[in-house]
Structure formats: structure tokens, C-alpha cells
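Colleague: I'd like a close look at one part of this model, the surface around the DNA. Take me through it slowly, then carry on to whatever side-chain contacts you find worth a mention.

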Amino acid sequence: MPIVNADVAAVFDEIADLLEVQDANVFRVRAYRNASRMLSELGRDVKTMVERGEDLDALPGIGPDLAGRITEIVGTGRCALLDDLRKQVPPAVTGLLKVPGLGPRRVAALHHALGVRTLPQLLRAARQGRVRAVLGFGPKTEAHIVDAVTARLQTERRVRLSVADQVAQALLAELKAIPGVQQAVAAGSLRRCRDTVGDIDLLATVDSAAARGPVMERFTGGRGVKRVLMHGATRSSIVLDSGLQVDLRVVPPASFGAAWLYFTGSKAHNIALRRLAQEQGFKLNEYGVYQGARRLAGGTEASVYGALGLPFIAPELREDRGEIDAARAGTLPALVERADLRGDLHAHSRDSDGHDSLEAMAEAARQQGLAYLAITDHSKRLGIAHGLDADRLARQIDRIDALNARLHGIVLLKGVEVDILEDGRLDLPDELLGRLDLVVGAVHHRFDLPRAAQTTRLQRAMDHPHFSILAHPTCRLIGERPAMDVDLPAVIQHARQRGCFLELNAHPARLDLDDQACRLAQGEGVLVSIASDAHSALELDGLRFGIGQARRGWLSTHDVLNTRPLSALRTLLGRTMGRPASRVGAVRERMTRTVHRALPNNP
DNA sequence: GCCGTTTTCGGCCCGACTGTTTTCAGTCG
């Protein structure tokens with residue numbers, strides 16, 4: 001197995017864990033954590049950088065020491081420092097850090113005093129009353145450990161964005177109904193539109209300090225609250241019956257902006273901002289920007305950024321991935337918004353596995369403010385979805401033509417979500433695909449091909465002269481199925497060469513392309529189709545989740561295919577659909593020969 | 001362990017809450 005960035009990041013994370021338990025210098029630990037995060041978010045392959053002899057020191061947070069470790073890991077697959085640390089501390093001990101409330105100090109204390117290494121051992125010790133005997137521990141901590149370990153063994157951690165969104169909206173409605181509450185908003189990773197959410201962060205302002213107490217009482221004593229983790233004057237945490245954790249912070253209105261900024265994060269963005277404030281002689285906290293005791297800003301987020309000499313930075317960008325430098329330089333992108341979408345290029349009807357008729361889908365799209373909607377039902381290989389064969393698709397084409405003659409304010413585009421077969425061929429005859437407005441291709445089986453074969457499979461599909469858009473390119477299902485092992489940069493480059501497009505599937509279970517991949521596509525100049533993959537009229541609303549992900553990927557209106565008016569869209573699709581036959585044929589021949597050689601299981 | 005138009009050494013974000021203390025360390029976000 002080749003070493004990828006995530007492998008190096010995992011090594012650095014484990015080193016950080018082990019160093020922490022050994023009570024190492026916190027800044028040394030932080031250096032490993034920062035490097036781990038940087039590597040997992042880096043758009044370039046660090047192994048390739050090493051092989052090309054590029055200067056690793058140029059990467060942020062990488063100095064001579066870490067550069068040497070990266071080179072070692074990439075070259076040998078091992079890390080001597082990690083091996084040493086594992087000899088000094090049983091590696092399993094770092095698993096105890098996952099227990100809420102147990103940090104490095106306490107884990108080390110428990111390990112040394114009781115010899116516990118694993119969660120079951122810790123649970124046994126706590127139940128036997130041995131934990132409270134350790135210096136610094138008492139009966140409450142001991143009981144908490146029993147609860148936390150038991151819960152940890154049976155709960156899952158992160159939920160999909162759409163789930164968190166529903167819960168948060170319901171809680172916010174309740175909060176706003178409490179007397180004294182002025183504003184109540186969502187913050188945290190939910191507001192940043194991350195694809196999954198670990199806990200829900202809410203922020204409220206109250207009209208007087210006296211109102212805080214009752215608000216916190218109502219929050220921690222509400223229906224559906226399984227446990228109260230923390231109950232303070234300005235901050236409380238609860239666990240809902242569903243297992244979701246919710247944090248509420250209450251601040252005065254004058255601090256609303258600073259608090260929203262702080263509570264939205266990300267942590268890395270906050271740290272970078274606070275350093276920036278420090279450099280300018282200010283102090284930034286959740287109450288405002290201060291110069292000495294004087295508050296310079298805090299009522300709105302824009303005022304806080306302004307006091308630091310920055311324009312407003314959209315929540316989706318706040319990951320410390322270059323947004324602060326871009327803000328200073330005045331080069332922040334004008335991010336795409338839901339209202340910019342003119343159409344949707346991936347939706348199903350009841351002709352395959354959708355719930356609604358062509359007419360109902362068209363009407364729903366019109367009500368969503370869209371000017372066009374592509375009907376892309378499945379092809380025949382996907383029998384479970386009642387996929388269309390050539391005859392049924394031909395009849396659907398005729399029906400859509402007839403329907404368009406009657407529709408007003410919306411145009412249905414004739415498409416298909418055709419299966420990409422294992423060898424890269426498409427699941428329907430060329431002649432029929434040629435009659436469509438667009439061909440959306442997708443993988444629905446054999447997710448497990450080796451990386452090279454999977455990559456070639458996608459590239460070969462794109463070589464088809466009628467191919468328009470690669471749907472859900474990695475086929476991940478959040479929390480259920482990992483992304484396929486595929487060379488995404490190579491696929492994106494191939495799309496650019498072929499004039500094809502990549503989809504950002506907006507379904508909250510997919511969000512595929514993800515944010516990082518969007519940035520890669522943008523970098524290659526490949527337009528992205530933000531598509532709902534709706535299987536019912538209601539699901540067209542899911543486009544907003546795709547917008548959030550696209551914004552996290554720094555995409556502007558210009559980077560998105562379906563922000564184009566219909567005429568411009570047809571022109572762009574025409575580059576793939578209507579190429580002059582001779583030239584396309586020649587290119588295709590060449591590509592196909594290359595691909596055939598590369599595919600191991602091809603004759 | 002990294003980093004630098006104040007620094008190659010001395011910094012490294014900042015505050016709330018809890019539990020176990022008798023003034024604070026540890027943890028978390």
C-alpha cells in the first residue's frame with residue numbers, strides 16, 4: 001500500500017497522543033497536531049513531494065524536524081520516534097483520551113496508579129471504587145467515568161449535517177419562545193456546513209443578565225434531555241435522548257458578534273484570529289476585541305473582523321485553510337449562493353426509483369425558483385431501482401418533449417443516470433445517449449476495485465463522446481461507506497481534458513465531491529454541478545446542503561455549472577454532447593486505446 | 001517543535017465549568 005497523507009497524519013496524531021500522556025511540552029504536542037491537520041487537508045501528495053525532492057520546510061508548520069520524519073515515514077513506512085514512544089507507553093492507553101473529561105494528565109495518573117490500559121480495564125477499576133483512591137480523583141469523577149465509558153461503548157459520535165440541522169432548528173424555536181431571549185442562532189460545525197456534526201452549538205442573547213438563569217433552567221430541564229453535562233451561568237451542555245450533545249452559550253447583545261464568531265469556530269480559525277489580534281496589540285475573546293480594558297468591537301461579526309483589519313469571512317471558509325491571508329489580501333472568493341442556481345442536473349422520477357411524476361418534479365423545481373431540471377433516472381443495470389432500458393428511456397424522452405410543450409416557467413432536460421460498468425463502458429447504447437440533453441454517469445457497484453483500475457474505469461467512462469457529468473465521484477455514503485479508492489486529481493484532470501464536469505451531489509448522505517475535492521476541481525478549471533439527486537419533489541430542497549459544501553470548497557458562481565442560464569448551459573454541454581463527429585471520434589479512439597492497455601481485466 | 005518588518009530566543013488563544021481543592025489544575029471548546 002502506498003503511503004498517503006492520511007497515513008503520515010495518523011502517525012503524527014498518535015505521536016501527539018503519546019507525548020501528551022508522557023506530559024511532554026504542550027507546544028511540541030501542538031506542533032505534531034498542527035502538522036497532522038495540515039497534512040490531512042493538504043491538496044498535494046506529500047509522498048510525491050518527497051520523491052521530487054521538494055522542500056517540505058515550505059509547508060506551514062513543518063520545520064526541519066518534522067520534514068525529516070515525513071521523509072522517513074514516506075520512505076520506510078515506519079517512524080522511529082513512534083516506535084520508541086510505544087515502548088515507553090502502551091499505545092492502547094491513548095484510547096483512554098477519548099473518554100470525555102479524561103485528558104493526558106488524568107490518563108497518565110490512572111495508568112501509573114492503577115495500571116489500567118484499556119477502556120474495559122478502566123471501567124472495572126471505576127466500578128470497584130479504585131479510581132477515587134487516586135490523588136485528584138473523587139467519587140463524582142469515578143461515577144462520571146463509568147457513565148462515559150458505558151456510553152462510549154454504545155453511541156456513535158457524529159451525525160449528518162441534515163440531522164443536526166433539524167434538531168437545531170427545533171431547539172432554536174424553543175429557545176426563541178423563552179421570555180427574555182432576544183436572538184438564538186446556530187454556531188459550530190453546523191453553521192460552517194461541515195458534512196457531519198459532532199455536537200450542536202447554539203448561541204443566545206438575553207435582554208438582561210437576570211434572564212440568563214431562567215433560560216439555562218429551561219434549556220437543561222427541557223423535554224428530551226437525557227443528561228446535563230454542564231450547567232453554568234453563561235454556558236450549559238446537555239445530551240439529548242438521541243445521544244446528540246448540545247451546547248448553549250448565553251451572552252449580552254453587545255457581545256453577540258464576538259460570541260457568534262468564537263462559537264462558530266473553527267478552533268483553528270479562532271486561534272489564527274486571536275494571534276492576529278495579539279500582533280496588533282489587541283485581545284480577542286468571546287466578548288469582543290479589546291485594547292486594554294476598552295472594547296473596540298463585538299456587536300457583530302463584521303465589526304470584529306473590521307477591528308482586525310479584515311473583511312467579513314463567511315462561516316464556511318473558517319477552517320484556517322488560507323482564508324485569513326485571502327481576507328488580508330482582499331482576494332476572498334464571492335461564494336456561490338443558493339439563489340445563484342438556475343437549475344438542477346440530477347433528479348429522479350417514478351419511472352425508476354423516484355416517488356413523483358415528471359409533472360410533479362417539474363412543478364416542484366419551478367417552485368424552488370429553478371429554470372430547468374434534468375430528469376436522470378437510472379439505467380437498466382440497477383434493477384433494484386427499476387432502471388430504464390433503451391425502450392423505456394426512449395419513451396421517457398418522447399414524454400418529456402411532449403411535457404415541455406405544455407410547461408411554463410420550467411424546462412425539463414432529458415438525461416439519464418447511466419451506470420458506469422466495471423470496465424468503464426456505459427450501460428445504454430450510444431445511439432440513445434446521443435438523443436439526450438446530458439448524460440450523467442455514475443458508479444453503483446464494484447466500489448472495491450484497486451485504485452488504478454477504479455481510476456481508469458472513471459476516465460474511460462468520460463471518454464465516451466456523450467458523457468457529460470460524473471455523478472457522486474467517490475461514491476461515499478457518510479457514516480456508512482468510505483469513498484472509493486480512486487486517484488481524484490487524475491480524474492479531475494481527465495475531466496478537464498475531455499470537457500466533462502463533476503458533480504457535487506447535494507444529498508446529505510453523500511456530499512460528494514467534498515469540500516477539498518471542490519477546491520481541486522476549481523484549481524483545474526473543471527466546473528462543478530451542484531445537484532440534488534432528488535428522489536422526490538421534497539428532496540429538491542436538499543440543494544442547500546450542496547451549496548454549503550461548495551462554499552466550503554471556495555466555489556464562486558462562476559465555478560458552478562448550473563448557475564448558467566439554460567442557453568449557456570446547453571452550449572457548455574454541447575462541448576461534450578455535440579462535438580464534431582470526426583474530431584471526437586479521433587480523440588475517443590486514442591483515449592480508448594490507452595485505457596484498454598491500462599485496464600488489467602480487459603481483453 | 002515551529003516561527004519571526006520588534007525577535008534566531010522566547011514566545012506559542014482565551015475563558016467557562018467541574019471537581020477536588022482550600023486556591024487551583026484539568027479539561028473543553
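Of the atoms of DNA strand B within 4 Å of the protein, what percentage belongs to sugar or phosphate rather than to bases?

Modeller: The share is 79% for sugar or phosphate, and bases make up the rest. Some bookkeeping before I go on. This is a predicted model, where local features need pLDDT of at least 70 and side-chain atom pairs count only at pLDDT 80 or more, while totals for chains, interfaces and linings use all residues. Residues are numbered from 1 along each chain as its sequence is written, chains are lettered from A and ligands numbered from 1 in the order in which they are written, and side-chain values use heavy atoms, with hydrogens and water left out.

Back to the DNA. There are 47 residues around strand B, and those that come nearest are Arg30, Gly101, Arg105, Gly138 and Arg274 (a residue is near if one of its heavy atoms lies within 4 Å of the strand). Sorted by class, that surface has 19 nonpolar, 15 charged and 13 polar residues. Here nonpolar covers Ala, Val, Leu, Ile, Met, Phe, Trp, Tyr, Cys and Pro, charged covers Asp, Glu, Lys and Arg, and the others, Gly among them, are polar.

Then there are the polar contacts (N or O atoms within 3.5 Å; within protein, one must be able to donate a hydrogen and the other to accept it, and residues adjacent in sequence count only if both atoms are side-chain atoms). Gly103 has a polar backbone atom 2.7 Å from a phosphate oxygen of strand B. For Pro139, a polar backbone atom is 3.4 Å from a phosphate oxygen of the strand. Gln278 uses its side chain instead, with an N or O atom 3.4 Å from a phosphate oxygen of strand B. The elements that give two or more residues to this surface are helices H2 (26-41), H4 (64-76), H6 (104-114), H8 (139-152) and H13 (267-279), plus strands E5 (225-231) and E8 (283-285). Helices (H or I, at least four residues) and strands (E, at least two) are DSSP runs numbered from the N terminus.

Helix H2 also turns up in an aromatic pair, one of four in the structure. Rings of Phe, Tyr and Trp (its six-membered ring) pair if their centres lie within 6.5 Å; planes under 30 degrees apart are stacked, over 60 edge-to-face, and the rest tilted. Phe12 and Tyr32 are edge-to-face, 5.5 Å centre to centre with 80° between the planes. Phe12 sits in helix H1 (residues 5-21) and Tyr32 in H2, so the pair ties together parts that are 20 residues apart in sequence. Both Phe12 and Tyr32 are buried (under 20% relative accessible area; over 50% is exposed, in between is partly exposed, with a 1.4 Å probe and protein chains only). Tyr262 and Phe263 have ring centres 5.9 Å apart and planes at 10°, so they count as stacked.

Charges also sit over rings (NZ of Lys or CZ of Arg within 6 Å of the ring centre and within 35 degrees of the ring normal). Arg106 lies over the face of Phe137, 5.6 Å from the ring centre, and the charged end of Arg481 is over the ring of Phe447, 3.9 Å from its centre.

Now the salt bridges. Side chains of opposite charge can pair when their charged atoms come close. A search of the whole structure finds 43 of these bridges, each a side-chain nitrogen of Lys or Arg within 4 Å of a carboxyl oxygen of Asp or Glu. In one of them, Arg399 meets Asp351 with the closest N and O atoms 2.9 Å apart. Arg399 is in helix H17 (residues 390-406) and Asp351 in the loop between strand E11 (343-347) and helix H16 (358-367), so parts 48 residues apart in sequence are tied together. Arg399 is partly exposed at 41% relative accessible area, whereas Asp351 is buried at 14%. Another bridge joins Arg496 and Glu524 (2.9 Å, N to O). Arg496 belongs to helix H20 (residues 488-498) and Glu524 to helix H21 (residues 515-524), so this pair links parts 28 residues apart in sequence. Arg496 is partly exposed at 42%, and Glu524 is partly exposed at 24%. Finally, salt bridges that share partners join Arg37, Glu41, Arg192, Glu319, Asp320, Arg321, Asp515 and Arg552 into one network.
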